[in-house]
Each structure stands twice: as structure tokens, then as C-alpha cells.
Amino acid sequence: MAFAQQSSPHAHHARPTSRVMLWVIIAALPGLFAQTVFFGWGNLINVVWCVALAMACEAAILKLRNKPVAFFLKDNTAAVTGLLLGLSLPQFAPWWVSGIAVMSAIVVAKQLYGGLGSNPFNPAMVGYALVLISFPVAMTTNWAEPALLWDGAPGFSETLGTIASAQQTAVDGWTMATPLDEYKHKIATRTAEEVLAHPTFGDGIARGWEWVNAGFLAGGLLLVLLRIITWHIPIGYLAGLVLMSLAFGNNADQYAPLSLHLLAGGTVLGAFFIATDPVSAATSHQGKLIYGAGIGVLIYLIRTWGSYPDAVAFSVLLMNFAVPFIDHYTPPRTYGHHKARRGVPGRKQG
Amino acid sequence: MTQLWDFTGGIHPAENKHQSTARPIRDAGIPDSLVLPLQQHIGEPATAIVSVGERVLKGQKIADVSNGLGVPVHAPTSGIIENIAELPVPHPSGMNDWCITLRPDGEDQWIPLEPTRDYRNLERGQVLELIRDGGISGMGGAGFPTNIKLRPPRDRKVDTLILNGAECEPYITADDMTMREQADEIVAGLKVMAWILRPERCVIGIEDNKPEAIEALRVATEGTQIELAVIPTKYPSGGEKQLIQILTGMEVPSGGIPADIGVMCQNVGTAVAVSRLIFEGRPLISRIVTITGEAVREPGNFNALIGTPVQYLLDQAGLQPDKVNRLVLGGPMMGYTLTTTAVPVIKTSNCVIAATATELPAPPPEQPCIRCGECAEVCPMELLPQQLFWYSKAAEFEKAEHLNLFDCIECGACSYVCPSSIPLVQYYRYAKGEIRVQRAEQLKADRARERFEARQERLEREQQEKEQRRKERAKAAAEAQAKKKAEAEKAAAEGDAVDERSAKAALVEQALARKKAKTEAAKPQAPAAEPAQDKPDLEALEKQLAQAQSKLETMQGMLEEAKAQQADNVEKLERAVAKNHDRVTRAEEALADARQKLASQPESQSTE
């Protein structure tokens, strides 16, 4: 008899990567639904386009790299990258802008660094940051007006036509600045009350945006409950942003209030879906808290004193740089040790 | 209620224990032949003290450890020693090792047994000696000789004695059934160990998935001060370090032993063995083994003689050979696969799983690590398994060690949950092995360098001493010459005034001068070398010379041959010949030196 030879353990009960990623996709649906309800078909079209292109790019590069294409495509990670870009790009972003974002995310940020697990930077945010810097006009003028309460909102075909056409002339009537952008640019010359009278803010905090953020929050909590992500990064992230906002932003006539920071931009999407990308985040619990807090603080700094209204992408990328450093100094204390061994191993003499 | 603590991490694998608890412990009986490995525990292997063809009785000592850490091996039944040879033994590598094969004669005849009436009348050392002679080593995991473990370092007082009945591995029920059926013996054995150690607290730790065992022990411990701690079911609660943390809240220091914090852990099976030894005089010749898995029809626990082939037990449990795919010795989390069913049960074998392909399927292909951190969540040692994996894979062993690689207990929880199905534990074993090899090599290189340096120094010193001696001799000779000349001149001047007396006095003076020179020459040397100097071993030196010459001849022969064949090692050989030539010259010199010295010796002796 020949018996199978295997190294222990012989029992396995893992949730495979593909299922983890599937849960991430499912958890993003409430937010996507809210986006569609409040801002029209734009995000949905973007998501479909970005996911399809991401899978295609991944397949092509895997083929070029002589890797098993089906094996890696099935892990759903490329789909998640596409999804995240689709969720975060402006609703009317032209197809080629989102296309460039997806290609640079999958081809450059992910596969050129060695594929799944080897990328030091969050691929989706690399793509986002690239198009934000390269095509500032397309990236800032294509945000949809909240559609729910507006009779002239574009339908599916109009939205698709706008995204697909190279000319962006038709959209002028449908778009407006994002709440954070609006607040940032107007507050210099007006009072908070005057600024908040703008229709983008509505009766609540920021019309539509608050519900989108609530949708992502629900999905994020689901991910925490399913133990797909731990609470450390989102909590560190939100705590960093909240503390900065409380410390510096107490005057609403000067800086955006806390409510806007939390619910009027990509904050919640970033906290639960983007910063938590395990590949490019810190590893230990303590490290995750520091990493998350760093992102939160950077978001506040860039939003308040930088030149971009939203700052999730840049903050995440900047903290990605710091991950190896954070990891070196935040290993957990091992059982039976007095304290954690921090830093790099000392060179032995002799 | 005993206060319990929790340990970080841990997993809840499917238990699969009910299969093997449906039946009571069955007696496996005596197989056709018993294979007794000489090494069944950590430490030194035993040496056979019987010869082939000899008849032995049940319980007779057939192998013992005379030097170092270890316990003897006893004949599990009466019979004839068939052979002593290298046979397959239970080992992860599937290696062969020395074993005594015993052919039972079916009579199962005991040696006269000497139970200890009251161990309390004995010295503690005597009881420990009995435990050693009974061949008892830990029956739970690694199998450490029990008598050594029961004798903690002098400065370490054991306050808490823990009996490990957690049995957290899936499938295994050997300890469970032992607790159910032999609870009184467990308590009796625990009392003996407690008497040896005099702890303040005795605790039996059991996972709460064994209600029958808990009940049996509750009855058995009634009226005693032994605590029964029912702990939550979580793998690896039965790991020594984890159980100690659960029951005491303390952590065993890294690199230390439980006794460092005043704790000791023993397995319940070991307690039974101790009880049987003390109260019945029976050495450790059998143990309870779980035979389970979907490829056997009647899984259960067997009381098997040590040395019983696994095949024999599988047959008794109704093995379906066409179904078995993987054979695991031990549990599914930490056990290892067997290559053959010919291996015997040894003192540490607690379970054999004959698994079908669907029961323990081959893991899916390895995917890239996405640093999800699941492994760190379940690691009971609070390590960063994925960092260790990266460093092990990249052969950055220094970094892996820095992140406490050697604290890994290889429980397999990380591999169990890994979404990328990376065989993490295998990477850690690899890294640990590589580091050990590197260390051994480093040590070897260091020693070789030290030896080389010491030799260089010695050769240099000898050369200097030789030079020094030569100078001294030359000086003394010159002085003697000068004196002689002066005397001759004096004599010539004084004419016939030289009488016999003065001639004698001159001779004595000369001898004294020589002696003085000699002692001065000998001064810088070590006193031990002196006698050898005074009497050089001519024979040895001649032998050396002969050897050097013969070597030179061989080398020359080889050189000529090499030259004839135009081999590419001619240069090397030429160098070797030159070196040997030097050696011959040196040997000749040494011999000549020695001869000269010997010639001058009778004189110097006469002056003493």
C-alpha cells in the first residue's frame, strides 16, 4: 500500500481567498445601491466596465507572465480592484479615464510588482491617484448631482452615452462639485451657513453622500462581523480623522465640520474597503492601528491644507510607504517573552 | 471553581472523537512478533542487554541506557529474542532504527513482580529510580523520561502539578478512554508524583467535550485535594504551554521549562503507568492507542503491547485497505504520515488515523500570501506567522529568528486557517532545520579554526625552543672549550704542578657547567615536557621518520603516475611531495638531535 505523504496539519478549514474577496464584493453592494439611487447609473456602469477591464488586464498579464490564468482569475482579487475603482471614480468619468485607472492599477501597481500578494501599494488607489493627477478636469467635474430629488436626472442610456462619448459637453447640467470641494472653495469667502445653503448639502449633511457612506458602513460592519477584516484599521482611521477634526476644525466658518469629513466624501469606503487591503497594510494589531490612524490624520491634513478636496487615495498610498517601517516596530509580544522584539535584528559580531 | 484564563488564538477543528469512543477499550492481545525500538523517547537510545535466541519473560529488562538521559525497555510478553536489527520505526522521516524483535511464546509469563507496599517508606530518590527502571517516559507528546522530569532543578520548587487530560487534538480519544476507565489509577499515580514533588496544588485539566471522563474523575478525586478543572474546548489547549496558561495564568518563559515558574505537566497516561509500576510492580509494556478514521470499520481504543505493529491493530479495528489513503500517526493537527504499517506502537504512540481521501483531502494548491493575518489571529504563541513565512521562504533566517521563530510550537493552527492554503508549518520546520544546520556548521568551523591556530602556535613555539636549546648547547660547548684551553695553558704554564686532584676537580667543574647550561635550556619549557626531553624516545622518532619517508615515497609514486597520465593534479601533488620532503628532513633532524642528546645523557645523570 502506498500512503499519501503530507506535512501536518492534515486537517484544513480555510475560507479561501476567492470567498473572502466575494464577501468584499457582496459587502460593497449596499453602498453601490445607494450610489445608484442617489447619483444615477454612473457608478454602476463604471463598476461593470472597471471589473470587466480589470479581469481582462489581469488575464492578459498572467498570460504574458506564463502564470496559470484561470487559477489566479478565480481568486476574485482583480474583480475587487475593478470594483473599488468603479465605486470611487466620478459618476460621469469618461471610459478612457477609468480605463487608464484600471490598467495602471492591475498592470503597473499589481502585476509588475509580482502579482497578488507582492504589491507594496494599494492597486486601486495607485490607479485613482494617477488619473486624478493626470486628468484633473475630468476627475473633478464629472460628479453627478444628487439625482433622487431632481426631475432632469439622466437615465441609463444618457449616462452610458456620456461615459462612452469622448466629448464631455453634454454633462454640464448634470454635474456639480462634491460637497467637500464645494465647502473647501466657498468657505474662504463665505460663512458656513451660506455655504451649506448650496443644494449639494440638502437638509442633512450632504444630500445622497450620507446614505452612500451609510451603505458602505453597513457593508464594512458585515466584513468585521465575518472576521474578513479586523476592526483595527477602520477604527484607527476614523479615530485619526475625528481627533484631527476635533482638534483643528472646531470653527465651521473656517474648516469643514466633522460631519462633513465623515459622511460627505470617500471616508467610509476608504476606512472599510480600501485601507483594509491586507496586502499593502500593516500586519500586527498595533501596526494596523498606527497605519489606520496615519491615514486618518493625512486625510485631514490634505483635505484641509492641501489642494485636493478628498484625500483617501493619497493618504492610503503615503501610509503604504510607511508599512515596512511600521511592521518593523510593531511585532506583538510573543508568549513567554517579556517584551516584543522590535526593530531589525542586530548584526551578530564575529 | 478553579479560575481559568484564556490564551490568545486557537481554533475549533471538527472533533471527530465520537467514532472511537463508542466502544470500551479493547485488549489487542499478543501479535506474532513485537518490534521494540531502542529509542522511544527524547534522549539516548538504549543498548540491548539480551542476545538473539535468548528467552525472556514478560516485564524483563531487555535494553537499558547506561550513559545519559534515558529509560530501559522491557519485554512486553515472554518469548524468544528473534533478532536485533534496523527496522522501520515511527518517525516523520520514515527512517529505520535499531529494534529488538521478540517472538512471543504465547505463555505471557511474568517475571516475579515486586510491588512497593508503601512508597512513603522509601526515599524519594528510590521511588524516582523505580520509575526510571520501570521504563516510564511521558506518554502524551515528546516522551521525556519521567524520572528526569520529576526531578526539577534544585532551585526550582514545583508549586503546581498539572495532569494534562485536555486531549485537544481531533480524533484522539486515548486519554479520554483512559480517564473514563482508569480514573482510580490516574489519581493513584498522581498522588505518587505529588508525594515526590510536594506541590501546593494538583490540578487535572480536561476539555469540556469529555463529560464521561470528567464524571469518572470527579468520583475518583472525591475527598482528595486534587482540583478538577474543566476547560473550554479549543485547540491547542492541550499544548503544555497553553494548558499552563489556562490553569495558572502564567507563561512559561521562552527557552525555559515549566519548572521555571513552579509548574509541571504530566500526561494522564503517564500517571497510570506510574501507578501500575509502584502498586503492581509492572513496568511500562503497554499503552492505550486510538485506531480511527473512516477506513476502519470498528474504530476504537486498544490496550496494545509496546512493539505491536500498526498493521496488527488496524486489522483488529477492521481496516478496509482499498479505502485508506493517508495513514497518520498522532492527531490530524500535529501527527505525521506513515509510509508503512510495519512500524510498531511505541511509548508515545497515541493514535493512528486511517483516513480516506475524502476525509483528509490533499490541500488545494498553494496561492500567494495576501497577508490577511488570519494566521496571526489564531496563533496561540502570538507570533506573526506570515512574517515568519516570508522570511523563511526568502531564507532570511536571521529575521525569522528575530521574530521568535523558535517559539513556534508547530501546532498547525495557522496552516489550518490559511486562505491561500500555504503549508506554513512546513516552512517553519525548514527554517528551523536550516538554522540548526548553519549553527552546527558555524560551530564546526570555529572549532577547526581554533584547532588550526593552536597548532600553528605550538609549532612556532617548538621551533623557537629548539633554536634556544641549540644556542645554549653551542654556548656551553664554547665555554667548555675555552675553559679546557685555559686549563691546558695553565697546565702548560705551571708545568707538572697538575696533580690528579686538580684534574678531577676540573672534570667536575666541567660537568657542572654542562648541567647548568642544560637546566637553563630546559627552563622555558613546561615541566611536564622535561622528562621526555631528558630521554628522547628514539624509537618513536625513528618510526616517525620511517612513516614520513614512506609517505614521501607514496606521494612521489603518485606524482610520477600523475605526470605519466598528465593528470591535472600534478601541481598539487608536487606541492605535497615538497611538503613531505620537508617533513622527512625535519624528522631526520629531530632524530639526529635526539641521538646527540642521548649520547650526552649518561654524563649529566652521573652528576646528579
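This is a short walk through two parts of the structure, a surface patch involving chain A and a sheet in chain B. Please keep in mind that the model is predicted.

Let us begin on the surface. Here Leu22(A), Ile26(A), Leu29(A) and Leu222(A) make a nonpolar patch of about 310 Å². The element that gives the most to this patch is helix α1 of chain A, residues 17-39, with three residues. Ile26(A) is a good residue to look for, as it is found in helix α1 of chain A. Its relative accessible area is 37%; because buried means under 20% and exposed over 50%, Ile26(A) counts as partly exposed.

Now turn to chain B, where four strands form an open sheet in the order β2-β8-β7-β4, with antiparallel pairing. Its edge strands are β2 and β4 (55-56) of chain B, each of which pairs on one side only.

Start at the β2 edge. Strand β2 of chain B covers residues 34-37, with Leu34(B) and Leu36(B) pointing one way and Val35(B) and Pro37(B) the other way. Whichever way they point, all of these residues are buried. Next to β2(B) in the sheet order comes β8, a strand of chain B made of residues 96-104, and the two pair in the antiparallel sense over four bridges. To find one of these contacts, look at Val35(B), whose bridge partner in β8(B) is Thr101(B).

At the other edge, β4(B) is joined by two bridges to strand β7 of chain B, residues 79-88, and these strands run antiparallel. Here you can look for Val56(B), which has Gly79(B) as its bridge partner in β7(B).

Technical notes. Residues numbered from 1 in each chain as written. Chains lettered and ligands numbered in written order. Predicted model: local features only at pLDDT ≥ 70, side-chain atom pairs only at ≥ 80, totals over all residues. Heavy atoms only, no water. Patch = residues over 30% accessible without salt bridge, like charges linked within 9 Å, V, L, I, M, F, W, Y side chains within 5 Å. Areas by Shrake-Rupley, 256 points an atom, 1.4 Å probe, with all protein chains shown as cover. Salt bridge = Lys/Arg side-chain N within 4 Å of Asp/Glu carboxyl O. Buried < 20%, exposed > 50% of the residue type's maximum accessible area, 1.4 Å probe, protein only. Pairing = 2+ DSSP bridges.
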